[in-house]
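Visitor: I am new to reading protein structures, and I would like a close look at a single part. Could you pick a place where strands come together, stay with the details for a while, and then lead me outward from there?

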Amino acid sequence: MGKYDFKIPIGPQHPALKEPESFLLTMHGEKIASMTVRLGYNHRGIEKACEAQTYIRDIYLIERVCGICSHSHATCFVQAVEEIAALEVPKRAIYIRTLIAELERIHSHLLWLGVAGHEIGFDTLLMYTWRDREVVMDILAMLTGNRVNYGMNTIGGVRRDITPEQIPQILKAIDTLEERTKYYIQVATEETTIIKRLSGVGVLSYDDAVRLGAVGPTARASGVERDIRRDDPYAAYGELTFNVITDKHCDVYGRAVVRVCELMESYKMIRQILADLPDGPIAVKAPRKIPAGQALSRYEAPRGEDVHYVKANGTDKPERVKVRAPTLANVQVVAHMLKDGYLADMPIVIAAIDPCFSCTDRLISVKDTDGGDKNIMTWPALHSSSIEWYRKRGIDFSDLNRRFKVPEN
Amino acid sequence: MMANVFFNVLIFPGFLFIVVFGMAAEYVDRKFCAKLQNRIGPPWYQPFADLVKLVAKEDIIPEEADAGIFKLMPVMAVTASITAFLYIPLWQTQALFSFYGDLIVVIYLLTIPTLALFLGGWYSRGVFSRIGATRTMTQFFAYEIPLFLAILAPAMLADSWSLSEITVFYSRHLWLLLLNSAGFAIALVALLGKLERVPFDIPEAETEIVAGTLTEYSGRLLAFFRIAIDIELVVGSSLLAAVFLPFGLNLGFTLGFVLYLVKVLFIVALISLLRTIFARLRIDQMINFCWKYVAPVAFLQLIVDLVVKGIIKQ
Amino acid sequence: MIKPGKMMIQVLQSLFKKPATTLYPFVKTEMPDKFRGKLKYYPERCIGCMLCVKDCPSDAIVIKKIGEKKFQAEINLARCISCGQCVDSCPKDALETTKEFELAKLNREQLKVVCNEETCSSSETKT
């Protein structure tokens, strides 16, 4: 650390982050020398809470892991449970699930476009893309009854059906959105200030993307051609034809291009789904007690690969549920991308991986840096160690005039 | 006589008028920006309501900040902006007070709010404030020279350093205004830098450094800074209107006043339009842009005016 | 072709279009049918099977027996997440979701709704 280096906390609360996470940047003037990431501010104990609820209740709990990719988590969980119970889900239910999944991808990517515009100071793009996002939200409210957290899945199928009157409305909305998306592609590729801010920023080469384990559009913008919808088809994706969008730019501009082109692919897929929608029931009756077994299910969320692991033991409550959200794989890439970057690029680089920290914070095992072995704390030990931590730094909770000293770590 | 001067300085067109007009200009800016972004926008009393809310809140001064300078800077910013306003001709060719060389004084007084922002941010001693303060100063070196050159060019043509005499000259030779259009564009771009609006709002980049120099300010001190920013908008626009659009200045009071309002609000609307169609630039990109494109055009405008002046003299 | 100000035309056209935002709360938007808002309970259809209580993810509904074949529901609107699982689980369609979503109150106690024969025979629930 040079004499004039200083540390900036892009701390838990910061206007650049939509959700709390701590990035401690060491600055050398306007350039970033290094970065430390601390996760865990959004840890709510969902995995533990899942073990205390029945499977039906768990669908809603898992859905609320994230607001934007709620259907991804719910579908991934339900697919794992159906695999353990060996249920034959009817075709119509699978197609409806895929339809909602693609609509969610559209809504998430439009949201990302607006947030990226806001991070580089282009508020007009934010207003326009979120205005168009309202079209998708209205369709989802009409189909599922809510604008986020759709609650469409149940174990064995879906809960609501699509009536024939809703199909023309969906198609009309998709036509409007396709026209608007073509305009955004033009703006993103031709507007000088956007290109200046997004190009050459947050560079991630192909080898680094593979080595660091990036997933989703972040990896696809570096040329890594991985998409769970094609490599390991789930739901109805085996029967749909679509392209996997990759890009050679390897920077934030490439990620924007990948996401906007994925929007166009989603429109094609939705039209295919609505044209081939099979008839039939929308759910099979699922037993309340799921037989013993375990399953791993993968899903291509808008942010990348989402993995759920469920272990059942014959009762009506799961024994273990583990969620690995895509942002956990991508957040390790951020430190690599920001090295030798400018401070002004920090918000757009963090926003380019489309962070969803609510998804990310799951069980963390604490590694003792002095001893080097892992140490899982029990609740009373955690409670007393936190009081001790504050007391060592001179904070006594009985004294209201406290002075904070920034710890050296 | 003294009562007349007091009335002019304190009420009209002095302190009270400027503050009210500043709030009106901020409303026009926000409403126009909102309409361009396809939304409704705030009601007409919003800037006033914001100021009332800020004044009612507590001033929190950080422990490590230098309290004297911290409290002095907003006041300095406001007073410098208002003083600059008194020398600009508004709706007649004679400003409230004028003397030979007041053009330089006005530009100098307009740099004081930038200095106040820098010192206020530096002496707040927080990380974000310091970064914002250094960015303010760095940006200052990029736009100040083109702004000065762009305003100097018409002055060279009019052969005078006094704003009032410049407007008198152009009122007589109206067609010479068209020669200064390039200067108008340059001055507009440089004014965006001075007022810290997108694409040059780097010192106050909300998503990167929270609020830049104004991070630690709250309550009445922040209200004063906000008033200073509004007044700077009006003063900058009036300066541009006086130097580049000095027509219709001898139409009498009522018509001239309305024409003045239209001119200033037109410039404010142009600033809003530029705000909506660009993203924010990085500081190094901004300096590159200013020195590669803006400054040469300003030099060119100066040369054109000098050549025309030589032709006219013959 | 890369040029600055690409959005200028669209932005200027927006000046003449209707704004996309509304002045809520003075102008209210209608929610679509089947929107999952506040719950409505039909006490005459309830048979007290308690399936809704078992399946509610947040324990927001409690069914109490107040007489022979007469039940009342105590719904805690603060806990209800409007998922609609109780509506699906009920074998007798005694629960229904309505379109009402403006449920904010200043006092937490006012969010506990009690529905029985007197308070909600066929229309509004008492708040």
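Guide: Let's start at a hairpin in chain A, which strand 6 and strand 7 form with two residues between them. Please keep in mind, as you look, that this is a predicted model. Strand 6 covers residues 293–301, strand 7 covers residues 304–312, and nine bridges join these antiparallel strands. To find your way along the pair, look for A:S297, which stands opposite A:H308 in strand 7 of chain A. A general point helps here: strands of a sheet pair through backbone hydrogen bonds, either parallel or antiparallel.

Now follow strand 7 of chain A to another partner. Strand 8 of chain A, residues 320–324, pairs with strand 7 in the antiparallel sense over five bridges. A handy marker for this pairing is A:K311, whose bridge partner in strand 8 of chain A is A:R320.

Chain A also has an open sheet of three strands, in the order 1-2-3, with antiparallel pairing. Its edge strands are strand 1 (6–10) and strand 3 (31–38) of chain A, each of which pairs on one side only. From one strand to the next, the twist averages 25°. Strand 2 of chain A, residues 22–28, runs antiparallel to strand 3 of chain A, and seven bridges join them. Here the pair to look for is A:M27 and, opposite this residue in strand 3 of chain A, A:I32.

It is worth setting beside this an open sheet in chain C. Three strands of chain C form this sheet in the order 2-3-5, and the pairing is antiparallel. At the edges are strand 2 (61–67) and strand 5 (112–115) of chain C, each pairing on one side only. The twist in this sheet of chain C averages 20° from one strand to the next. Strand 3 of chain C, residues 70–76, pairs with strand 5 of chain C in the antiparallel sense over four bridges. In this pairing, C:N76 stands opposite C:K112 of strand 5.

Let's go back to chain A and turn from strands to helices. The axes of helix 3 (residues 70–85) and helix 4 (residues 91–119) of chain A come within 9 Å and cross at roughly 150°. Because angles over 145 degrees count as roughly antiparallel, helix 3 of chain A is roughly antiparallel to helix 4 of chain A. The crossing of helix 3 and helix 4 of chain A is left-handed. On the helix 3 side, the contact is made by A:H71, A:S72 and A:T75, while helix 4 brings A:R97, A:I100, A:A101 and A:E104. Sorted by class, the residues of this contact are two nonpolar, three polar and two charged.

Chain B makes a good contrast to the sheets, with 12 helices and zero strands. Its C-alpha atoms fill a box of roughly 65 × 50 × 40 Å along the principal axes. With 314 residues, a compact globule would have a radius of gyration near 20 Å, and chain B agrees with that because its value is 19 Å.

Chain B also meets chain C, in a contact that takes nine residues from chain B and 12 residues from chain C. On the chain B side, helix 2 (15–36) and helix 11 (253–277) each supply at least two residues. By class, that side of chain B has four nonpolar, three polar and two charged residues.

To finish, here are some backbone details in loops. In general, most residues other than glycine have a negative phi, and most peptide bonds are trans. In chain B, a cis peptide bond joins B:V198 and B:P199, with omega about 0°. You will find B:P199 in the loop between helix 8 (181–194) and helix 9 (206–209) of chain B. Chain C has a cis peptide bond from C:Y24 to C:P25, with omega near 10°. The loop that holds C:P25 lies between helix 1 (8–13) and strand 1 (39–41) of chain C. Back in chain A, A:A235 is not a glycine, yet this residue has a positive phi of about 45°. Look for A:A235 in the loop between helix 10 (228–231) and helix 11 (252–275) of chain A.

Definitions and conventions. Residues numbered from 1 in each chain as written. Chains lettered and ligands numbered in written order. Predicted model: local features only at pLDDT ≥ 70, side-chain atom pairs only at ≥ 80, totals over all residues. Pairing = 2+ DSSP bridges. Axes fitted to C-alpha atoms, helices over the stretch in contact; angles between N-to-C directions. Contact = placed C-beta atoms within 7 Å. Nonpolar A, V, L, I, M, F, W, Y, C, P; charged D, E, K, R; others polar. Parallel < 35°, antiparallel > 145°, perpendicular 65-115°, else oblique. Left-handed = near helix turned anticlockwise from the far one by under 90°. Rg over C-alpha atoms; globule rule 2.2 N^0.38 Å.
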